[in-house]
Amino acid sequence: MRTEPIAGPSGPPVPVARTLHWGRWVSAAVALAVAGWLVYLVVVNPHLDWGKVAEYLFNDRILAGVWVTIEISVLATALGLVLGVLVAVMRLAHNPVLSALASGYIWFFRGTPVLVQLIFWYNLAFLFPELVLKIPFTMIGLKWDTNQVMTGFTSAMLGLGLNLAAYFAETVRAGIQAVDRGQTEAAYALGMTPAKRMRVIVLPQALRIIIPPTGNEFISMLKTTSLVYVVAGHDLMTNASQIYKANNRIMELLIVASVWYMLMTAVATFLQGRLERRFGSDAVRLVRGGGAAARVLPKVAA
Amino acid sequence: MNPGVKSAESAESGVESGVEPVVLASGVRMGYGGVQVLNGVDFAVAPGEVSCIIGPSGSGKSTFLRCLNGLEPVLGGSLRVLGEEVGHTLRDGRYHPWTPKEFAAFRKNIGMVFQRFNLFAHQSALENVACGPVHVLDTPQDRARTLAMEHLDRVGLADHAHKRPHQLSGGQQQRVAIARALAMSPTLMLFDEPTSALDPELVDEVLEVMKGLAAEGMTMVVVTHEIAFAREVGDRLTFFADGVVVEQGGPRELLAAPAHERTRAFLSSVLGSEDGRS
């Protein structure tokens, strides 16, 4: 907006008038009034005990739940990312069997609700009471009790990780396909095998497209972990629900849980912004630009 | 087939009897989706020869070049490059199709330069040149970088070794691409319209590098629109149209006195703007 005086027709400069944004003032007033009213209703609500909210915000079980939620989120996301790249590469393979397997995997895990998958893994013992890993026709191998392996934590990690892999595989596939075909031809012309071309030339470039959405997947995962409470995974939501089932302070504990989820999301959003700034804009800086992520990532890819 | 086509085996082919040709194509056919692109190409290249291919767009000249290193599959006829039938190995009385590994091993000895450079976008110029030796020949990193620097120096780009492709001009990118191909010490170099994507003032720097390479005795097949280059540097000139070789011969003779109407029509349209230079 111009603030400098403009030379008038009669000679001396004439100041510029300020524009009054009436629409902004009116909408701000309405928004403030409505938001204030809603906050007022909640804050002064006689059925809501803010003392309990403060009391449970730093409760040991809540803090332990926050920690488990972070653990499950990180591990399930890591599992999903690694497996997702694998499934995507299989999906694009010339081998029709591998490609069909990958398509089947994606269809199955995107086609069933994640809640169903969580309950399935948790109750795997109904189908297979024992998990056996042994060399066929011998007695050499290992055996576990399924119920001891499939705790709430492991079934949560498996269920969420396998599910994310199916979605993430499609992101990776798009990233790989977005890399110019000429890069593949140049790699082949140098004498690279298809696998080497993928690892050395295509995947490092596809990362530029793949990395920004991973932040989004992680943020989404933080909240999806709340489903884990159906298999008692001792995450934030499990622990909060166990407390409110005992003391009936449902609203207070939902507020406590929400505060923590929002805090975790805020931190993750901040990290996502940094990730995107580093990798999102420049095709070239993405892999070897310097900085911590750039030092780690090319090794993952190459 | 065109009655006037001179076959690759004729005395004019430049391939003397007794010397194994680097490329020997006879009746090569290729097509996709029902469209025939190559209708029986006869073509030969002797060791140390610079063979230029010209022709209107859509004539199949680029496709033929891409067949030479197996980037496109040959569907009929015989194509022998560096003593091997491209894509197949004769064993126990049958031709066995190559695995991706066998294709890769074959291509190590053939350098290729593309119209659109195709430098690896995530690597510096130096890394591009060192890439083949490091990942395909298993040359140690230090040695590969030293060699890469020498190759960059040769194309006059040692000062730009650490720049990314997008920081280089088109001409510089294409010179890096040539250095990248040379770093594999190929016995045959393929050029697919190497100057067609360049601004006019950048064409000469690339052609200079190619002239130097020709002077050193590199065997080269060059698909090009640079008639002046073909005349000056080429040992042989081949005119492609509609997926066949219409005529071939020494560049000066062919350009001075084309035998076929097709060739005459093409040359007059291309040379129309170039008369001052010839």
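A salt bridge here is a side-chain nitrogen of Lys or Arg within 4 Å of a carboxyl oxygen of Asp or Glu. Keep that cut-off at hand for the first exercise, and remember that this is a predicted model.

**Exercise 1. Decide how Arg91(A) and Glu170(A) are linked, and say which parts of chain A the pair ties together.**

Step 1. Start with the distance: the closest N and O atoms of Arg91(A) and Glu170(A) are 3.9 Å apart. The cut-off is 4 Å, and the pair forms a salt bridge.

Step 2. Now place the two residues. Arg91(A) lies in helix H3 (residues 60-91) of chain A and Glu170(A) in helix H7 (residues 152-178) of chain A, so the pair ties together parts that are 79 residues apart in sequence.

Step 3. For context, the count over all chains comes to 14 salt bridges.

**Exercise 2. Compare the UniProt transmembrane annotation of chain A with the model, taking residues 64-93 and 105-128 as examples.**

Step 1. Read the record: an unreviewed UniProt entry annotates "transmembrane region" at residues 22-43, 64-93, 105-128, 149-169 and 250-271 of chain A.

Step 2. Check residues 64-93 of chain A. This span is 93% helix and 0% strand, and its end C-alpha atoms lie 43 Å apart.

Step 3. Do likewise for residues 105-128 of chain A, where the end C-alpha atoms lie 21 Å apart and the span is 67% helix and 0% strand.

Step 4. Then try the domain. UniProt places "domain: ABC transmembrane type-1" (unreviewed entry) at residues 66-272 of chain A; that span is 76% helix and 5% strand, with its end C-alpha atoms 20 Å apart.

**Exercise 3. Find which helix gives the largest share of the nonpolar surface patch on chain A.**

Step 1. Collect some members: the patch includes Val26(A), Trp37(A), Tyr40(A), Val44(A) and Trp50(A), and its residues together have about 1,100 Å² of accessible area.

Step 2. Assign them to elements. Helix H1 (residues 22-43) of chain A supplies the largest share, 10 residues, while Val44(A) is found in the loop between H1 and helix H2 (50-57) of chain A.

**Exercise 4. Work out the strand order of the 6-stranded sheet in chain B, then add the helices that lie on it.**

Step 1. The order is E8-E9-E10-E3-E11-E12 (chain B), in an open sheet with mixed pairing.

Step 2. Look for the edges: strand E8 (110-113) and strand E12 (244-249) of chain B each have a single partner strand, so one side of each is left without a neighbour in the sheet. On average, neighbouring strands of this sheet are turned by 15° against each other, direction ignored.

Step 3. Zoom in on one edge. Strand E11 (residues 236-241) of chain B runs antiparallel to E12(B), joined by 5 bridges, and Phe239(B) stands opposite Glu247(B) in E12(B).

Step 4. Add the helices. Helix H9 (residues 261-271) of chain B packs on the sheet and touches strand E3 (50-54), E11 and E12 of chain B, its direction making about 100° with that of E11(B). Helix H5 (residues 170-182) of chain B lies across E8 and strand E9 (188-192) of chain B, at about 170° to E8(B).

**Exercise 5. Describe the hairpin of E6(B) and E7(B), and find its residue with a positive phi.**

Step 1. Strand E6 (residues 88-91) and strand E7 (residues 94-97) of chain B pair in the antiparallel sense over 4 bridges. Leu90(B) has Tyr95(B) in E7(B) as its bridge partner.

Step 2. Turn to the connection: there are 2 residues between the strands, and Asp92(B) takes a positive phi near 55°.

Conventions. Residues numbered from 1 in each chain as written. Chains lettered and ligands numbered in written order. Predicted model: local features only at pLDDT ≥ 70, side-chain atom pairs only at ≥ 80, totals over all residues. Heavy atoms only, no water. Pairing = 2+ DSSP bridges. Axes fitted to C-alpha atoms, helices over the stretch in contact; angles between N-to-C directions. Contact = heavy atoms within 4.5 Å. UniProt positions renumbered as here; feature names shortened; annotations may be inferred. Patch = residues over 30% accessible without salt bridge, like charges linked within 9 Å, V, L, I, M, F, W, Y side chains within 5 Å. Areas by Shrake-Rupley, 256 points an atom, 1.4 Å probe, with all protein chains shown as cover.
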